[in-house]
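The exercises below are meant to be worked with the sequence and the model side by side. Try each task before reading its solution.

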Amino acid sequence: MAKLQGLLFGLATLVLVVVATAFFAKEWLPPLKSDRIAIDHGIAVTLLVTGLVFIATNLLLAFFAWRYQDAPGATAAYWHHNAKLEWIWTLVTAAIMFGFLFNALAMWGQLQKAPPADAMLVEVVGQQFAWNVRYPGKDGIFGRTDAKLVDPGNLNFIGLDKTDPNAADDVIMPQNQLYLPEGLPVRVRIRSLDVIHSFFLPNFRVKQDAMPGMAVETWFTPKVAGDYEIACAEHCGLGHYRMRGQLHVVKPDGFDAAVAAALE
Amino acid sequence: MAHAETHAAEAHGHADHAPQSFIWKYVFSKDHKVIGIQYYVTAMFMALIAGLLAMTIRLQLAWPEKTFPSLNFLTKGYTDGVMNPEFYAMLFTMHGTIMVFFVLSTAPVSGFGNMLIPLQVGARDMAFPFLNGLSFWTFLPGCIVILSSFFVGAGAAAGGWTSYPPLSALRSAVPGSEMGQTLWIIGMVFFIASFTMGGLNFVTTILNMRTKGLSMMRMPMTLWAMFLVAVLGLLSFPALTAASLMLLFDRHFGTSFFIPSGLVLSGQVVNHQGGSPLLWQHLFWFLGHPEVYILMLPALGFTSDIMVAFCRKPIFGYKAMVGAMLAISGLSFVVWGHHMFVSGMSPYLGMAFAVGTMLIAVPSAVKTFNWLATLWRSRIIFKTPMLWAMGVVSLFISGGLSGIWLGQTALDIHFHDTYFVVAHFHLIMAGAALFGVFGATAFWFPKMFGRMMNDTLGKIHFWFTFLAYYCTFFPMHYIGLAGHMRRIYDPYQYEFLKNLQPINQFITISAFILGASQILFFINYFWSAFRGEKATDNPWNAAGLEWTTPSPPGHGNWPGEIPEVHRWPFDYSVPGAEKDFVLQTDPAPIGDKAGSH
Ligand SMILES: [Cu+2]
């Protein structure tokens, strides 16, 4: 019984995890539809390394727990110090961590670098419990907004100041409808009207908090035309769970028509 | 508990006389052991509540489409058998708050810290017994305030245990929790005040009241953990105190620390300007990350001290283990930003915090390797405390490895605020802390009540808990990978989460089994406290100083003089010694390194 308990230790965990992985692996990452494949590669490498360490340490745990059970005549070693061992496992772990760190920072740098000059600009403004989408129009400049001018009744969800010349050609979409052209880099300017939301595109490996008082930009390139979901990832109140938007990635030549149709 | 008198009467050379009346002995006690048990039992009660909240959360996530008319008695929670979304927000907010602060900080630190520190340093009591009693009687009102918030006004706080403003700062942002959030703040202030008094006591007692011969480098790992935890608490909690009071002012007195200009809430322009919600996140996580280690370090200490006693072998790499704890504690102050990678703070800051985060994995790995080396060529006796100690090692490995996924800034973009994070911290922080507490309970039970816990029942409880724990929290990694967000009242509103419902149901059933298994523990704890087998002074043949006291120790802990310490508490299987352990108080120069530790 004691032997069994010892063995069960690491093995139970290992078996559980292997079975679970085989069973659940069909629900893996949502299919990738953007250019952020580096994130998926990073996940795969991390899975491989941490998976191997997981298996190795659990096997050791199981083996030790089984092998070194108390038994008549068994003795324990009076062995409690080995500087060389300590240095080895400290330095090896540190080296692996530096590998991960270097890779992660390189990836982070790529994601955070300035967007290409031809990137399309779009603004997404979170509010309880909807996403407001605005395009800057031909001038490429967003018009001024003012909290006092917010008027949902007249579809002015974000308080656009129509007296501002830059606002003249701004396009405010119906709520929760975001259209993006396929294959073109897009800069998303993310804001919030009230509390913190988080603009999450599961299929695009994009997540950026909408922080009240700040306008934060993130950019990426949608790769495959289709209809996707926008989720809110930060608890924003009782309607958080239904703060669901739609992202339509369309062929570039049909983009203007699709936006016009949505505005009808 | 009645045995305490016998030994107390024998106490010599102790200035303070044992109180005789029930109320001063067991209610407003200044005795560290009574206070420890008071904290522990209160924390257990809070765990029961927080656990029930979790069960209700799980019920909703598995079957949001079903109605439960039998739950209509929760008038604020259910209408016609359907859960209200705002109640769901209260559930996860209060589950997190109570578990993190009122259970998993309280039971290991305030409970076992008070119980064990004087016994392990060789002192009659804590340095400031009155402050210690006051600390508990400050903690209890905190619990009452936090719990009462469910019954006041429209209900408890609903902004998440992190209480991010503006959601938590604007009283109309979460309808139905106007008073709840305020009571949350008041409850937290009570908690922090109590924890600060405890921390002062811990640091002073450990630094100044160690018995003759007990140098810092002869301390058991539990003492090291308690010392570091107290320092972490004293340095980090003030940030949350300040932030909480600022939040209180934002809510009630018109300040705008955390509320920026130009907000519009349900059609109304918000009359605040100039604040920054990011400031709260920095202050909160400046506490929040050290807090994670406040939960974990005691469990890591218990694990080492329990492991040696059941391996009959000295701790491997003591200096490395102490060094790793010091490194973890130091680094815990420079990693808080990894909770904020996608918050909109400067990406360069994100890089700096990623460095700290990846670095902290190194001492954590060192701890694991040293535990494994302790097991190697040992002689393992599988009693309940040892099972829990090995459970901590297992959870520490599983939860630690997923930390490497989350610490990589770029990968965190996908994982942030998903169930992957929930899986990670339930395994490493909550799980390790919980298992550590269970292990410590079984191990030091004789010093609490002078009796043994039932070993068979303890083992059954362990295996149910261990397996159900993995079945509950491991699958959360998969739904996290699939993008399942946290804090979602009804995940299946989203197309991409619809196919995850079977996994959520599996998790829920596992969680129910996990919850139900805890009944075994409650039975064992209370039955054993009154009816358990009488314990000898040193039932595990352990080497630590605390095992030289009677079980249970009386008022003043040692009936005679406080013993002197001659070695570290890890001398097991010393070559040439007559028994397979040498008590810390044994002056005999045996073994190759005896006395040098
Ligand atoms: Cu939201």
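**Exercise 1.** How many positive and how many negative side chains does chain A have, and how far apart do the centres of the two sets lie?

*Solution.* The model is a predicted one. Counting by sign gives 21 positive and 24 negative side chains in chain A. The centres of these two sets are then found to lie 8 Å apart.

**Exercise 2.** Set the radius of gyration of chain A against that of a compact globule of 264 residues.

*Solution.* For a compact globule of that length one would expect a value near 18 Å, whereas chain A has 26 Å. As a next step, consider the C-alpha trace of chain A, which spans about 90 × 35 × 35 Å along its principal axes. Turning to the elements, chain A has four helices and ten strands, and their order from the N terminus on is α-α-α-β-β-β-β-β-β-β-β-β-β-α.

**Exercise 3.** Classify the ring pair formed by A:Phe204 and A:Tyr228, and locate both residues in the chain.

*Solution.* A pair of aromatic rings is described by the distance of the centres and the angle of the planes. Over all chains there are 82 aromatic pairs. For A:Phe204 and A:Tyr228 the centres are 5.0 Å apart and the planes stand at 85°, so this pair is edge-to-face. A:Phe204 sits in the loop between β6 (197–201) and β7 (206–210) of chain A, while A:Tyr228 belongs to strand β9 (residues 226–232), so that the pair links distant parts of the chain, 24 residues apart. Finally, A:Phe204 is buried, with a relative accessible area of 1%, and A:Tyr228 is buried too, at 10%.

Methods
Residues are numbered from 1 along each chain as its sequence is written. Chains are lettered from A and ligands numbered from 1 in the order in which they are written. This is a predicted model: local features need pLDDT of at least 70, side-chain atom pairs count only at pLDDT 80 or more; totals for chains, interfaces and linings use all residues. Side-chain values use heavy atoms; hydrogens and water are left out. Helices (H or I, at least four residues) and strands (E, at least two) are DSSP runs, numbered from the N terminus. The radius of gyration is taken over C-alpha atoms; the globule rule is 2.2 Å times the number of residues to the power 0.38. Lys and Arg count as positive and Asp and Glu as negative; His and the chain ends are not counted. The place of a charge is taken as NZ of Lys, CZ of Arg, CG of Asp or CD of Glu. Rings of Phe, Tyr and Trp (its six-membered ring) pair if their centres lie within 6.5 Å; planes under 30 degrees apart count as stacked, over 60 as edge-to-face and the rest as tilted. Buried means under 20% relative accessible area, exposed over 50%, partly exposed in between (1.4 Å probe, protein chains only).
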